Amino acid sequence: MRAAVQHETGQDKLEVLDDIEAVGFGPGKVRIRIRATGLCHSDLSAMNGVLPQPAPFVPGHEGAGEILDVGDGVTGLTQGDRVLMCWLPACGSCPSCRRGQTHLCLAGFMNAGTPNFRRPGGDVFGFAGTGTFAEEVVVAANCAVPIPDDVPYEIAALIGCGVTTGLGAALNTAKVEAASSVAVIGCGGVGISVIQGAKACGAAQIIAVDPVPARREAALRFGATEAVAPEEFADAKARITAGEGFDYVFEVVGKSTTARTAYEMTRRGGTLCVVGAGAMDDTFQVNMFELFFDEKRILPSLYGGADVLRSYERAIALWRAARIDLEGLITHRVQLTEINDALDQMRSGTALRTCIEL
């Protein structure tokens, strides 16, 4: 079968090969035919080494498709079921799961160290234990979440990561209040989903901050009340909040410099929500006096900050009710052979989300 492979960390191009085999099928596993997958910035971060990932590997973790085969002991899934991929499934029995914080379950991360694929040259891993830039993948059954028949594969794929992450940051982690002021730094697919989440919560002002004009224009279509370049952010703070700062500021870039800007743009007593996935050697700093005196809440948000299965259901419900726009997030559609064009589109900021059709 075909898959796009990253041979070594740091390479900026993927090689599409046709000698890949999905491995590991057996009890408790399912084999999935991927029909659509989204390109997320986390895939780029794994390729360049910001996020740790053994190589060689198949990137991709936002996927949807149909069940081809079901291993022994699997219940609730049958051949032909339409599913989306959950790259961080909950085991249901660890301390985090028992506390109701299933999104913090570490069981799914353990899958990243087990090869998902093989080719004549040796084992190949799947990013985040999945690897959806492939025609087929074998995963644990709890990674496959059934989707209703009216949800297209490309929409389901986005719900599998970016949409859930962005919506959940606003709805679950920050719990944006109605009539509040919100700023979102970084307006790719996840940042746009944060904007839609803040809009659904009833925020009065939603300021989008991004250096790419096309992304600022897109943010306005998805619910931002104003969109500014980073150098205009301080002026927006002065105009909109009389210099006090925003009630909520979301950092959706994954860098300490933008996180520091987000902290400074948050009002005293307000909330900074860190959504971007950053590098382990990039340190965000606040001094002890400002931490005490300003009483700003600093809230990291991983995968939407709540039970992902419930978050999937909520995203579908909001989409059905036309409260959020998911089709509009897909700005480009490509075939797997065009994957490197899609990578360039994301790096340049011209794409919000690219759907790779397999």
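## Chat about helix 5 and its surroundings

Mentor: Let's start with helix 5, which is mostly covered: 12 of its 12 residues are buried. Buried means under 20% relative accessible area, exposed over 50%, and partly exposed in between, with a 1.4 Å probe and protein chains only. Helices (H or I, at least four residues) and strands (E, at least two) are DSSP runs, numbered from the N terminus.

Trainee: And what kind of model is this?

Mentor: It's a predicted model, where local features need pLDDT of at least 70, side-chain atom pairs count only at pLDDT 80 or more, and totals for chains, interfaces and linings use all residues. Residues are numbered from 1 along each chain as its sequence is written, and side-chain values use heavy atoms, with hydrogens and water left out.

Trainee: Okay, which residues in helix 5 are buried?

Mentor: Among them are Gly 162, Val 163, Thr 164, Leu 167 and Asn 172. After the helix comes Lys 175, with a positive phi near 55 degrees.

Trainee: How many cavities of 30 Å³ or more are there?

Mentor: The count comes to one. On a 1 Å grid over the protein atoms alone, a cavity is a set of points where a 1.4 Å probe fits but cannot get out, while a pocket is an open set with protein on both sides within 12 Å along at least five of seven lines; lining residues have an atom within 4 Å of a point.

Trainee: What's the volume of the largest cavity?

Mentor: About 40 Å³. A volume here is the space filled by probe spheres set on the points, and grid points are joined across faces, edges and corners.

Trainee: Which helices supply its lining?

Mentor: Helix 5 (162-173) and helix 11 (308-320) each supply at least two residues to the lining of the largest cavity. Helix 5 gives the largest share, five residues. The lining includes Val 163, Leu 171, Arg 314 and Leu 318.

Trainee: Where does that cavity lie relative to the domains?

Mentor: Domain 1 (3-161 + 306-357) and domain 2 (166-300) both give residues to the lining of the largest cavity, so it lies between them. Those bounds come from an automatic or database domain assignment.

Trainee: Switching to pockets, how much space is in the second largest one?

Mentor: About 290 Å³. Of the 18 residues lining the second largest pocket, the closest to its centre are Val 145, Pro 146, Val 308, Leu 309 and Tyr 312. Helix 11 supplies the largest share of that lining, five residues.

Trainee: New topic: how many disulfides does a search of the whole structure find?

Mentor: Zero. A disulfide is a pair of cysteine sulfur atoms within 2.5 Å.

Trainee: Why is there no bond for the sulfur of Cys 40?

Mentor: Because its closest cysteine sulfur, in Cys 161, is 4.4 Å away, too far for a bond. Cys 40 counts as buried, at 4% relative accessibility. For Cys 105, the closest cysteine sulfur is in Cys 91, at 3.7 Å, also too far for a bond. Cys 105 is buried too, with a relative accessible area of 1%.

Trainee: And strand 12, is it enclosed or open?

Mentor: Five of the five residues of strand 12 (residues 181-185) are buried, so it is largely enclosed by the rest of the structure. Ser 181, Ala 183 and Ile 185 are on one side, with Val 182 and Val 184 on the other.

Trainee: Which strand does strand 12 pair with?

Mentor: Strand 12 pairs with strand 13 (residues 205-209) in the parallel sense, over five bridges. Two strands pair if DSSP finds at least two bridges between them. Val 182 stands opposite Ile 206 in strand 13.
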